[in-house]
Amino acid sequence: MASIVLNNVDKIYAGGVKAVNGLNLEIKDGEFMVLVGPSGCGKSTALRMIAGLEDISGGEIVIGDRVVNHLPPKDRDIAMVFQNYALYPHMTVEENLAFGLKLRKMSKPEIAKRVNEAAKMLGLEQYLKRKPAALSGGQRQRVAMGRAIVREPQAFLMDEPLSNLDAKLRVSMRASLNQLHERLGVTTVYVTHDQVEAMTLGDRVCVLRDGILQQVDTPQNLFDKPVNLFVAGFMGSPSMNFTYAELVRDGAGAAVAFAGYKLPVPDTAFAEKAGLERYIGKRIILGIRPSDFEDAVAANGASAGWARVPVKANVTEELGSEINVLFTIDAPPVEHKDTVAAANDGDEEEAAALPLTGDKSLWTARVNARSHVRPGQNIELVVDTHNLHFFDVESGLSIGHPANVGR
Amino acid sequence: MRRGRLTPGAVRKWGFIASFLAAPLAIYIIFFVSPNLQALQLALTNSRGISPDFQYVGFENFTRLFGDEVFWAAVRHHGLILLVMPLVTIVIALFFSFLLNLGGGQRNGQLTGVWGSSFYKVVFFFPQVLAVVIVGVLFQAVLNPQKSGILNSVLGWFGVDPVGWLIKPDLALWTIIGVMVWQGVGFYVVLFSAGMAGVPKEIFEAAALDGANRFTLFFKITLPLVWNTVQVGWVYLGIAAFDAFALVQVLSIDRGGPDNATTVLPLEIFRQTFTYYRFGYASAMGVALVFLVLTFAALTLRVTRRERIEY
C-alpha cells in the first residue's frame, strides 16, 4: 500500500488541448479517493496518467516514495479495472486471474493460492473454468476486480467500473466495493461521472472540471459547503436551486429578497461566512438545496424558526419515500457559466424542462411523502434558513468558504 | 399454415423468398454447377473439342492420368506450395501487421505502430494492386539469371556469382513461391490489421498493466484474438496454392519448366486443352483438381473449427 501524490500534473494533447491543468492531489495511504466531474473534465486522463497509460506533459506523480513519471505501467505496482472490464476473451476466468501473476514469474502454488482466495472473496469459485463470454455482466465485473486483487498491488485504479451494469446490480456492486475496500484497505482511485457513486464510495471526493480541480473534501462537506456554483450544482440530486437575490438588512434583521419572497438570514450565517457582511445591499446568487425544503403541513412542529414560502406545485414526482415538488418562481434562471456546465451533465429531463418555464426559474423541493401535494395545488413550503448558500455573482465562488478567502 | 398447403400467405411468403433466390441460383447453376458436371462427362470421353464426334471411353483417361509423371509432379508442387506459401505469408503478414499496429508502444494514450507505419501500410499493399501478369514480367527482370539481372547485380556487389533463379530445376519452384509470398503479404497485412483493430484497446492496456512485454503481448494476447482472421487467411491462401497458373505461365522457363520443375495442375490442364486438344484428358485432370481442393477445404474447416471469441 502506498500514498499517491500528484504535483502540478499537466496533460496537453496534440493541438494544445489541456485535458488536465496543474492538478495537485494527495491520496493518502489506504484512502478511497473518487474523481468525479462531467464528461471531458479530465478525470479519466488523470487516472490513466497515474496508471502510466498516458504520458505526463508536466509535473510529477509519486506512488509510495517513487517518482513514477517515466516508469512503464507494469513497473508501477498498480492494478486497474476498466469500464468494459477488458477481460482476455480467449482465457478462462482462472487464466484471466493468473495471467498477471504468471508474467511476474510467481510460483505455481502461490498463484493457485491467490487465485482461489480472490475467487472465494468474490464468489467466483464455480465459474473458474468458464470463459468471459459465458458470464453475466456482474460476474465479468467481479472477474475484473479479481484480476486486480490477486496482484496485491500498492493501489487500485478504477475507471467507471460500474457504468456498464444495470441500475440494481450497480447498487449491490457499490456496496460490495465498499466492503472490499474496508477488508483490503488498499489505496484506491476511482473515476466516475455519477455523483451518487462518488458520495457513497469516497472517503474523499475530488471534483474536476475542464481539467482544473474544483474541490477535494469529504462527501458531506462537498454537499454542505460547496466551494463554488459548479460544485454546488453538480453534487446532489435533484440539484441545488439557484436564483439572483438581494441581501438586505432592515429593522427586522438581515434577509435575502428574490422573486417577491423575503427569507430571513440568521446571524449565525454571518458568523460562519466571513465577508458576507460586505454583500449587504448587493446582488448575490442564492442557492437552496431541494432537501432543505419541507411541506409546512407535514413538518408541523419542526418548522419553528424556518421561513415560509407559499408556492404553486407545477409537477410532482412521487418517489415513494418522498415527493419532488417542481415549481416556478418569478425570477429569470441564473445563467452563470458554472451552473450551465453543471446542468448540462445532469438528467436529460431537467434540461428539457427548461424551455417550458420561459423566463422563470424551475425549482425543486424535496418534501415528505405524507405531504400528499398534487400538481396545480398551492402549497406552503418551509425553508431551513441555516442552510442557505450564497455565491458571488461575478466569480461564482461561495461567499465565506474558507478556500475562497482572499480569492 | 398446417391446414392447407397453399394458403395465400404461404404463396406470398415462398414467392417472396423464391424471387430473391431465383437469379443467383440460376447464375450459380449455369456458370458453376453445369460446367462442373459437363467436365465430369467430358472426362469420360475422348473428345478433342474441335469436332462434335467423340466416344465414351470409361475411366481410360483417369488410368492414364494416374500413370502420368507430369501430373504427379504437378500434384507434388501443389503440395509443396500448400505447405510453405501460406505459412510463410501468414507469419510475415502477422509480424508486419503487429509492428504496424501495436509495435510502437503507447503514444497519447493510444497503442501505435512503429515510426512511419502509415507509409509502410501503403507500400505493403502495393503488390496487391498490380495484375499478376505484371508481377510476373516485373520479376522476370528482377530474377534474370544474367549478371545484369536486378537481384543478381545486387548480389554481385557482395561478390556472389549470378544465381539462375528460374533456370535451376531445384531452385525454380522455391523462387516462384517467393514471388507468391511477395505478392500476397500485403493483402494479409491489411486483413490482420483489421482484425487487430477490432480488439478493444483496453485489453492491450490491461495486458501492459499485467506486465506483458511485446513478445507475450503478441503470442498470448494478439495472436489468439486474431486467430479467426488467421484461419480465414489460411483458407484463402490454401485455395490460392492450387492455382498459381498465371505466375508460373509468365515467369517459369518453358511454361512450367525447366523440365516440369515448376508445373502446376491448372497449367497442365491449359496445355492439354489448348496445345494438344485433349479435352477429355484435360477434363479428367480438372476433376482430379476439384477433388484436391474439396479435400483441402473440408480438412481445413474440420481442423480449424474453434469457438468464436466474444469481447
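## Helix α13 of chain B

Let's start with the buried part of a helix in this predicted model. In α13(B), the buried residues are Phe279(B), Gly280(B), Tyr281(B), Ala282(B), Ser283(B), Ala284(B), Met285(B), Gly286(B) and Leu289(B). Their packing partners within chain B are four other helices: α1 (8-42), α2 (60-66), α3 (69-101) and α12 (265-274).

How far apart are the end C-alpha atoms of helix α13 of chain B? They are 36 Å apart, and this agrees with expectation because 25 residues (279-303), at 1.5 Å a residue, should span 36 Å.

## Transmembrane annotation in chain B

An unreviewed UniProt entry annotates residues 12-33, 80-102, 122-143, 171-196, 217-242 and 279-301 of chain B as "transmembrane region". Two of these spans can be set beside the model. Residues 12-33 of chain B are 100% helix and 0% strand, with 29 Å between the end C-alpha atoms. For residues 80-102 of chain B, the figures are 96% helix and 0% strand, and the end C-alpha atoms lie 33 Å apart.

## A closer look at Val91(B)

Helix α3 of chain B, one of the packing partners of the buried residues of α13(B), is also where Val91(B) is found. Is Val91(B) buried or exposed? Val91(B) counts as exposed because 12 other C-beta atoms lie within 10 Å, and a residue is exposed if that number is 12 or fewer.

Another residue to look at alongside it is Tyr188(B): the C-alpha atoms of Val91(B) and Tyr188(B) are separated by 9.9 Å, with the two residues 97 apart along the chain.

## Where chain B meets chain A

Turning to the pairing of the chains, 20 residues of chain B are in contact with 21 residues of chain A. On the chain B side, α8 (201-210) and α9 (214-225) each supply at least two residues, and α8(B) gives the most, with 7 residues. By class, the chain B side that touches chain A has 11 nonpolar, 5 polar and 4 charged residues.

## The two domains of chain A

The domain assignment splits chain A into domain 1 (4-233) and domain 2 (239-404). Taken over C-alpha atoms, the centres of these domains of chain A are separated by 36 Å. Their contact takes 11 residues from domain 1 of chain A and 20 residues from domain 2 of chain A.

Which helix supplies the largest share of the domain 1 side? Helix α8 of chain A (residues 229-234) does, with 4 residues. The side of domain 1 of chain A that touches domain 2 holds 6 nonpolar, 3 polar and 2 charged residues.

Note on methods:
Residues are numbered from 1 along each chain as its sequence is written. Chains are lettered from A and ligands numbered from 1 in the order in which they are written. This is a predicted model: local features need pLDDT of at least 70, side-chain atom pairs count only at pLDDT 80 or more; totals for chains, interfaces and linings use all residues. The expected span of a helix is 1.5 Å times one less than its number of residues. A residue is buried if 20 or more other C-beta atoms lie within 10 Å of its own, exposed if 12 or fewer, and partly exposed in between; C-beta atoms are placed from the backbone. Two residues are in contact if their C-beta atoms, placed from the backbone, lie within 7 Å. Domain bounds come from an automatic or database domain assignment. Ala, Val, Leu, Ile, Met, Phe, Trp, Tyr, Cys and Pro count as nonpolar, Asp, Glu, Lys and Arg as charged, and the others, Gly among them, as polar. UniProt positions are given in the numbering used here, feature names are shortened, and annotations may be inferred rather than shown by experiment.
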